[in-house]
Amino acid sequence: MVAIEFSGVSKRYGRRGIIRSNSVTALRNVDLTVEEGEVFGFLGPNGAGKSTAIDIMLDYVQPTSGSVHVLGHDVQTDSVSVRERTGVLPDGYGPIGERTGREHVEFAIESKNATDDPEELLERVNMLGPDAYPVDQYSKGMAQRLMLAMALAGEPDLLVLDEPSTGLDPNGARTMRRIVREERDRGATVFFSSHILEQVEAVCDRVAILDAGQLVTVDSIDHLRETVGGMARVTLELSQVPTGALDRLSSIDGVAELETNGTTIEVACENRAKAPVIAACHDSPATVSNVSTTDPSLDELFATVTEGVA
Ligand SMILES: Nc1ncnc2c1ncn2[C@@H]1O[C@H](COP(=O)(O)OP(=O)(O)OP(=O)(O)O)[C@@H](O)[C@H]1O
């Protein structure tokens, strides 16, 4: 079953200037399908159009053309049904006012006509204790945890997390990832928007990469790594660097750079060249005492995919 479907969605914002008005195209003809039960990463650099897409999904903003269906409902004609079944952690809005954290969570439960135990929700985000303080005394990270607890109220079928790691320390980020996995195990679909690639990689089944309003790819991160390439690194520690070894390694297809430091050889190469590089060292007269490899970095991957979009 499909959880989210964008069909030919474009969005142009009008901008009024002092001298003249112009417009900006935030989304261009986006087609995207997210299946039920998926943890889906929505990636893109600043200004790519991620928040606009989410706002359209929740009918806070209307598309210039195209349509979006969420959980089987057209968001423009049936936004109430969509919002009833969706939990949202918005980007840039925190809890406000003098009410306590617990009162906020109780309000979220009530507004979803749900029967969750506020204690349990607060415990899931490690906010028992501070829940008794007014939220205007909260730090950014505490506010973010509370907003996550509120988004979880009513066991939503779809959880939309817009830059969920904002303000979270490493423990908070870990809690958030644990909760995403728990929600997926419960059967919810999670739509996770971020420009922090490591966060997305840790939890998402598939990712879409948006750049300048255009969808440039939809894939699993593993498959992206395979197809897009980028540089892997192999570090080999040897008993000695045999004569001619560097020439032999640099002639392997896919090897880009070599460096030696004493008895260590560092090789920058395409993923496919990692195994031949290691094999060549094992076949040499030297003893290989240690081998370590790293995959192409996500930053590199991201830069490669978003490069060259008009
Ligand atoms: N209300 C608005 N009026 C005019 N332009 C807007 C409006 N909202 C967004 N934009 C423009 O649309 C484009 C996409 O913005 P959007 O906020 O959707 O990107 P984003 O990917 O969420 O960025 P970020 O990661 O920085 O939050 C940007 O050029 C932005 O300036």
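In the predicted model, a polar side-chain atom of Thr52 is placed 2.6 Å from an oxygen atom of the ligand. Of the accessible area of 640 Å² that the ligand has on its own, the protein covers 66%. Two further contacts of this kind involve residues that precede Thr52 in the chain: a polar backbone atom of Gly47 lies 2.8 Å from an oxygen atom of the ligand, and a polar atom in the side chain of Asn46 is found at 3.0 Å from a ligand oxygen atom.

The shell to which these residues belong also includes Tyr13, Arg15, Val24 and Ala26, together with Pro45, Ala48, Gly49, Lys50 and Ser51, so that the ligand is surrounded by residues from separate stretches of the sequence. With respect to secondary structure, at least two residues of the shell are supplied by each of strand β1 (2–15), strand β2 (22–35) and helix α1 (50–57). Helix α1 accounts for the largest share, contributing three residues to the shell around the ligand. When the shell is divided by class, five of its residues are nonpolar, five are polar and two are charged.

Apart from the ligand shell, the surface of the protein was examined for pockets. The largest pocket has a volume of about 470 Å³, and its lining comprises 18 residues, among which Phe107, Ala108, Ser111, Lys112 and Met150 lie nearest the centre. Two or more lining residues are given by each of α2 (79–84), β6 (86–89), α3 (101–111) and α5 (140–152). Of the elements that take part, α3 gives the most to this lining, with five residues. The lining of the largest pocket consists, by class, of eight nonpolar, five polar and five charged residues.

Strand pairing was followed for β11, which spans residues 231–238. This strand pairs with β13 (residues 264–270) in the antiparallel sense, the two being connected over seven bridges, and within this pairing Thr235 has Glu266 of β13 as its bridge partner. Strand β11 is also joined to β14 (residues 288–294), again in an antiparallel arrangement, through six bridges; here Leu238 stands opposite Val288 of β14. Strand β11 thus has antiparallel pairings with both β13 and β14.

Definitions and conventions: Residues are numbered from 1 along each chain as its sequence is written. This is a predicted model: local features need pLDDT of at least 70, side-chain atom pairs count only at pLDDT 80 or more; totals for chains, interfaces and linings use all residues. Side-chain values use heavy atoms; hydrogens and water are left out. A residue is near a molecule or strand if one of its heavy atoms lies within 4 Å of it. A polar contact is a pair of N or O atoms within 3.5 Å; within protein, one must be able to donate a hydrogen and the other to accept it, and residues adjacent in sequence count only if both atoms are side-chain atoms. Accessible areas come from the Shrake-Rupley method with a 1.4 Å probe; for residues, only the protein chains shown count as cover. Helices (H or I, at least four residues) and strands (E, at least two) are DSSP runs, numbered from the N terminus. Ala, Val, Leu, Ile, Met, Phe, Trp, Tyr, Cys and Pro count as nonpolar, Asp, Glu, Lys and Arg as charged, and the others, Gly among them, as polar. On a 1 Å grid over the protein atoms alone, a cavity is a set of points where a 1.4 Å probe fits but cannot get out, and a pocket is an open set with protein on both sides within 12 Å along at least five of seven lines; lining residues have an atom within 4 Å of a point. Grid points are joined across faces, edges and corners, and a volume is the space filled by probe spheres set on the points. Two strands pair if DSSP finds at least two bridges between them.
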